[in-house]
Amino acid sequence: MAVALVKELRNDPMTIREHYQEAAVENAVKAGVAEYGDHFALAIEPTAPDSEYATGGELDSTAPEVTE
């Protein structure tokens with residue numbers, strides 16, 4: 001039962017969204033440090049899907065397992 005619970009929690013929309021938000025902040029900070037050093041602010045803007053800083057490159061945020 002414990003293994004089944006862990007497998008199910010990996011596909012839980014809340015868990016998927018948490019992973020997505022962590023990736024977004026991590027990628028934004030990497031981009032800020034790489035481009036501006038210690039002096040930058042985070043902003044939300046469109047990014048090319050194939051960019052190394054794109055958050056959702058491996059995640060489809062419109063997939064049913066995320067939106068249900």
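Is K30 buried, partly exposed or exposed? K30 is partly exposed, with a relative accessible area of 46%. The views below, all taken from a predicted model, start with the whole chain and then come back to this lysine.

**View 1. The chain is built from three helices and zero strands.** Follow the sequence from start to end and you get the pattern α-α-α. Of the 68 residues in the chain, 15% count as buried. The chain exposes about 5,700 Å², and carbon and sulfur atoms supply 57% of that area. Now look at contacts with a separation of 6 or more: residues 24 or more positions apart account for 53% of them.

**View 2. E26 and K30 pair up through their side chains in a salt bridge.** The N to O distance here is 3.1 Å, and the structure holds just this one salt bridge. Both E26 and K30 sit in helix α2, four residues apart, which is about one turn of the helix. Side chains of opposite charge can pair when their charged atoms come close. As for cover, E26 is partly exposed at a relative accessible area of 45%, and K30 is partly exposed at 46%.

**View 3. V25, V29, V33 and L42 make a nonpolar patch on the surface.** Together these four side chains' residues offer about 320 Å² of accessible area. Zoom in on V33, one of the patch members: V33 belongs to helix α2, which covers residues 13–36. Patch residues need over 30% relative accessible area, and V33 clears that cut-off because its value is 44%, making it partly exposed.

Terms used. Residues numbered from 1 in each chain as written. Predicted model: local features only at pLDDT ≥ 70, side-chain atom pairs only at ≥ 80, totals over all residues. Heavy atoms only, no water. Patch = residues over 30% accessible without salt bridge, like charges linked within 9 Å, V, L, I, M, F, W, Y side chains within 5 Å. Areas by Shrake-Rupley, 256 points an atom, 1.4 Å probe, with all protein chains shown as cover. Helix = DSSP H or I, 4+ residues; strand = E, 2+ residues; numbered from the N terminus. Buried < 20%, exposed > 50% of the residue type's maximum accessible area, 1.4 Å probe, protein only. Contact = heavy atoms within 4.5 Å.
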